[in-house]
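Me: Hi! I'd like to go through a structure with you, mostly its rings and its buried parts. Could you take a look?
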Amino acid sequence: MTLQNENQLAEAAAERQAALKGFANELLTAAETLEPVAPLRGRLEGMDVDDAYVVQTLQLEKHLADGRVLAGRKVGLTSLAMQRQLGVDSPDFGFFFEDMVHNEGARLAAGAFVSPKVEPEFGFVLKEALQGPGVTVEQARAAIGEVYAAIEIIDSRIADWDIKLVDTVADNASCGAIAVGTTPLPVSVEDLTTVACTLRINGEARESGTGEAVMGDPVAPLAWLANVLGEQGVALEAGQLVLPGSFTKALPVVAGESATADFGDLGSLTINFI
């Protein structure tokens with residue numbers, strides 16, 4: 001390879017990195033102004049999932065530099081319902097901070113989001129760290145301390161939810177906020193696949209599923225996440241909260257509505273939008 005070719009490749013790489021940084025800045029601004037941006041796919045030739053995670057990581061680094069405290073991670077697109085809804089065939093992951101976590105009865109301003117939707121999930125609090133690669137489902141199961149009812153409020157800083165995998169990955173896996181119960185669900189981690197959950201809007205049952213809908217076993221996304229992050233030298237730490245994915249497809253919510261993750265006899269979690 002000639003020196004000229006090497007210089008051309010270096011210039012192309014620098015231009016690509018600048019474009020990814022520009023996307024990250026666009027999304028950071030969109031989160032503040034609630035003015036969504038055009039889909040990222042097609043705006044950079046050959047943009048792939050690795051590029052999208054660079055965009056996500058740049059935003060994470062900016063938030064951490066600003067003093068926000070990482071509370072945990074979320075895995076998305078783990079159910080067939082969600083994959084069909086968004087036209088993808090693989091999971092993704094994102095992050096959330098302590099100031100994004102809410103509890104039972106929380107009153108959330110619908111206007112604080114661009115276009116919010118809700119998903120019923122488990123919330124896993126880890127009792128020990130998980131460091132991939134090589135984490136098995138059995139090891140992930142053993143690392144779970146408590147299991148809580150949870151709701152993820154997903155939101156898209158991409159206009160009109162016009163997203164494919166690279167768009168949602170870049171946009172922090174469409175994470176908007178998290179709600180989690182304050183009392184653990186009385187269930188064994190070995191029995192999570194059979195647990196049923198109903199998503200209720202204003203008390204009306206709208207969607208339902210079982211833990212098996214979450215990648216066949218809701219602990220599997222936890223192991224997957226530990227291994228993907230492990231390849232980047234990042235560990236899931238003890239005490240962190242991890243949401244492994246939705247039981248059902250996501251449903252939109254507006255001001256005046258409540259959303260409930262109803263686990264039957266095990267308990268429930270309700271949040272309100274104002």
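Reply: Happy to; below we chat about aromatic pairs, a helix and a serine, keeping in mind that this is a predicted model.

Me: Great. How many aromatic pairs does the structure hold?
Reply: There are seven aromatic pairs. Take Phe93 and Trp224: their ring centres are 6.2 Å apart and the planes sit at 70°, over the 60 degrees needed, so this pair counts as edge-to-face.

Me: Where do Phe93 and Trp224 lie?
Reply: Phe93 is in strand E2 (residues 92-97) and Trp224 is in helix H6 (residues 220-230), so the pair ties together parts that are 131 residues apart in sequence.

Me: And is Trp224 buried, exposed or partly exposed?
Reply: Trp224 has 25% relative accessibility, so it counts as partly exposed. Phe93, on the other hand, is buried, with a relative accessible area of 3%.

Me: OK, what about the pair of Phe122 and Phe247: stacked, tilted or edge-to-face?
Reply: That pair is edge-to-face, because the planes are at 65°, with the ring centres 5.0 Å apart. Phe122 belongs to strand E5 (residues 117-126), while Phe247 is in the loop between strand E10 (241-243) and strand E11 (251-252), 125 residues apart. Phe122 is buried at 0% relative accessible area, and Phe247 is buried at 3%.

Me: Which residues form an aromatic cluster with those two?
Reply: Phe124 and Phe263 join Phe122 and Phe247 in one aromatic cluster.

Me: Back to H6 for a sec. How many of its residues are buried?
Reply: Ten of the eleven residues in H6 are buried, so the helix is mostly covered. Among them are Leu222, Leu225, Val228 and Leu229.

Me: What do the buried residues of H6 pack against?
Reply: Quite a list: strand E1 (70-76), E2, E5, helix H4 (137-143), strand E6 (144-154) and E10.

Me: New topic: where is Ser156?
Reply: Ser156 is in the loop between E6 and helix H5 (165-170). Its relative accessibility is 1%, so Ser156 counts as buried.

Me: What does the side chain of Ser156 reach?
Reply: It reaches the backbone nitrogen of Ile158, at 3.1 Å. Leaving aside neighbours within four places in sequence, Ser156 is in contact with Val114, Trp161, Ile163 and Asp171.

Me: Last one: what sits over the ring of Trp161?
Reply: The charged end of Lys117 does, 4.5 Å from the ring centre. That puts Trp161 in both stories, since it is also in contact with Ser156.

Key: Residues numbered from 1 in each chain as written. Predicted model: local features only at pLDDT ≥ 70, side-chain atom pairs only at ≥ 80, totals over all residues. Heavy atoms only, no water. Phe/Tyr/Trp six-rings, centres within 6.5 Å; stacked < 30°, edge-to-face > 60°. Helix = DSSP H or I, 4+ residues; strand = E, 2+ residues; numbered from the N terminus. Buried < 20%, exposed > 50% of the residue type's maximum accessible area, 1.4 Å probe, protein only. Lys NZ or Arg CZ within 6 Å of the ring centre and 35° of its normal. Contact = heavy atoms within 4.5 Å. Polar contact = N/O pair within 3.5 Å; in protein donor to acceptor, adjacent residues only side chain to side chain.
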